[in-house]
Amino acid sequence: MPLLLCDAEDAPALWAWRHLVGRGVALDVVTSADLMRAHRWEHRLEGGTARALVELSDGRTIDTAEVRGTLNRLTAPRAELLGRAVESDRDYAVQEVWAMWMSWLHTLPEPVLNRVTPPSLSGPWPSYPQWLVHASEAGLRTAPWAGGETEPPRPHTAPMLFVAAGAVVGPRAPASVVRGCRALSAAVGCALLGVWFGPGWTFAGATAQPDLRRGGRALVDVLANALRGLE
Amino acid sequence: MILLCGIPSERPLELVATELEDRGAPYAVLNQRRFAECELTLEVVAGEMGGLLRLGRRAVPVADVSAAYVRLMDDRALPELRGVGPHAHLRTRCRALHEALDQWLEVTPARVVNRTSAQASNGSKPYQSQLIVAAGLRVPDTLITNDPEAVLAFRARHRRVVYKSMSGVRSIVRELGEEDLPRLERIRWCPTQFQERVQGTDVRVHCVGGEAYATAVRSSATDYRYGHQDGEEARLEAVALDDDVAQLCLRLTATLGLELAGLDLRMPPDGDPYCFEVNPSPAFSYYEDHTGQPVAGAIARHLAAA
């Protein structure tokens, strides 16, 4: 059973879901609200083995032992979905749920795009200057940055390359840029990565939560293969 | 140049500063409580992060920093910000300093004890437990659930069970007793972590720079950190670890990307130790003050060797 974990409002994820189902990858959509309202959680670490069983309120069950491929776009538990938690307990409860999700996500078998990267639930979130350092180390061209500057604008027409399980998808780019994107994905431990570029294929930012719609059918094909474990 | 970040009067930082002074190692202190006198301006040129750190009248190019010991408290809770509004300039400036500091510490080639990213596994105890197991140490059987029936079955199997927080929020470990059962239904609203209670002696192991210092803690309290609240004073004693256990602790520390760690072990009368947790910002001074174990000296050596 492959999974799509996302917020109910995550339009790019739901777009990918529709097209992946069309490619025969029957992703089961589980939203953060579904997880918050789950009827039953049972997450065990016994004898050195971790396993989890989640019974959702709509009757579906997620057994980590039976999951085969996950597209993970979870961001954070929502405090407003915490049922009866009183105000004074709410922050604590959110942190507890966050910690549980982090552990649960870690038990999901490969392939997972993206794996939990504490404190983020779905891939790393470096700041822009940190991305610049990583991108440069990966061999991508970067522009100078001075503290206090905002990130460069990223018009909708700015080229964006996607890395998904080692494959690079997007507009035609120089081989060195493709290699750099692949190296950046590996360096930050982010299997699904969106990389923006400015003029002259200068690195302009990256995200673990790219707008998948911009990757079009080519990205869906790569995701389908990755989620089936066919890299 | 070694940079110490935190509150200088706080005991761990104070001990490390004293050790650095004794060694004649040059160091500077970013006093968190004097954030208003500090400024960090960063730049990235050709993929390298540089910049200048102003500490009062002193200016330190970040490229000159070879190592940093970071023991920052949550800046939002600094006494200097008490009563200061969420959007006030002072608070914004304080946050900006801490953000810039974190951005730099995450990517500097300097030795950082410890980077925020390496500390993050401690934000989820069960997640960290899975990493502990992967590194070769064992953890107590654990159940996280919102199902009271599952808890009762778990308790019936293990006989003695404790409950504790999963997140980085500190909680007092408590044994699940008969008096708790009437309120067990409350877990339906928020899954809770339960663990088998394992018998044995608590041992805190501080790992730094390839060295491991073990301290046995003898207390009858379920959570010795809070035993004094119940009139249970803990007795601390330096002990020697088996080589293989010490190596596992050092390996786990390295696996988590930590330069310094405080591992909480429990040694059963027979069998391998259990590891409850890896603390990435340990208050080692409590153990050092009771036993004389030279942890601060080891940290200072590790910083100076960078």
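Two strands count as paired if DSSP finds at least two bridges between them. Keep that in mind as you click through this predicted model.

**Stop 1: a strand shared across chains.** Select residues 40–46 of chain A, which form strand β3, together with β8 of chain B. These two strands pair in the antiparallel sense, over four bridges. For a single spot to zoom in on, pick A:Arg44, which stands opposite B:Leu143 in β8(B).

**Stop 2: the side of chain B that touches chain A.** Now widen the view to both chains: 40 residues of chain B are in contact with 37 residues of chain A. On chain B, the elements that each supply at least two residues to this side are β3 (38–45), β4 (48–55), α2 (89–107), α4 (125–134) and β8 (142–145). Colour α4(B) next, as this helix gives the most, with six residues. What kinds of residues make up the side of chain B that touches chain A? They divide into 20 nonpolar, 14 polar and six charged.

**Stop 3: strand β1 of chain B.** Select residues 2–6 of chain B. Are they buried or exposed? Five of the five residues in this strand are buried. Show the side chains: B:Ile2, B:Leu4 and B:Gly6 point one way from β1(B), while B:Leu3 and B:Cys5 point the other way.

Next, add the neighbours. β1(B) pairs in the parallel sense with β6 (residues 67–70) of chain B over four bridges, and B:Leu4 stands opposite B:Tyr69 there. β1(B) also pairs in the parallel sense with β2 (residues 27–31) of chain B, over five bridges. On that strand, look for B:Leu30, opposite B:Cys5. Add helix α1 (residues 11–23) of chain B and you have a right-handed β-α-β unit, made of β1(B), α1 and β2(B).

**Stop 4: two cis peptide bonds.** In chain A, go to the bond from A:Leu113 to A:Asn114, which is cis, with omega near 5°. A:Asn114 sits in the loop between β7 (112–113) and α4 (128–137) of chain A. Then hop to chain B, where the bond from B:Val113 to B:Asn114 is cis with omega near 0°. Here B:Asn114 is in the loop between β7 (111–113) and α3 (116–119).

**Stop 5: positive phi values.** Finish with B:Ala46, in the loop between β3 and β4 of chain B. Its phi is near 50°, a positive value in a residue other than glycine. B:Ala46 counts as exposed because 10 other C-beta atoms lie within 10 Å, and the cut-off for exposed is 12 or fewer.

Key. Residues are numbered from 1 along each chain as its sequence is written. Chains are lettered from A and ligands numbered from 1 in the order in which they are written. This is a predicted model: local features need pLDDT of at least 70, side-chain atom pairs count only at pLDDT 80 or more; totals for chains, interfaces and linings use all residues. A residue is buried if 20 or more other C-beta atoms lie within 10 Å of its own, exposed if 12 or fewer, and partly exposed in between; C-beta atoms are placed from the backbone. A crossover is right-handed if, with the strands pointing away from the viewer, the path from the first strand over the helix to the second runs clockwise. Two residues are in contact if their C-beta atoms, placed from the backbone, lie within 7 Å. Ala, Val, Leu, Ile, Met, Phe, Trp, Tyr, Cys and Pro count as nonpolar, Asp, Glu, Lys and Arg as charged, and the others, Gly among them, as polar.
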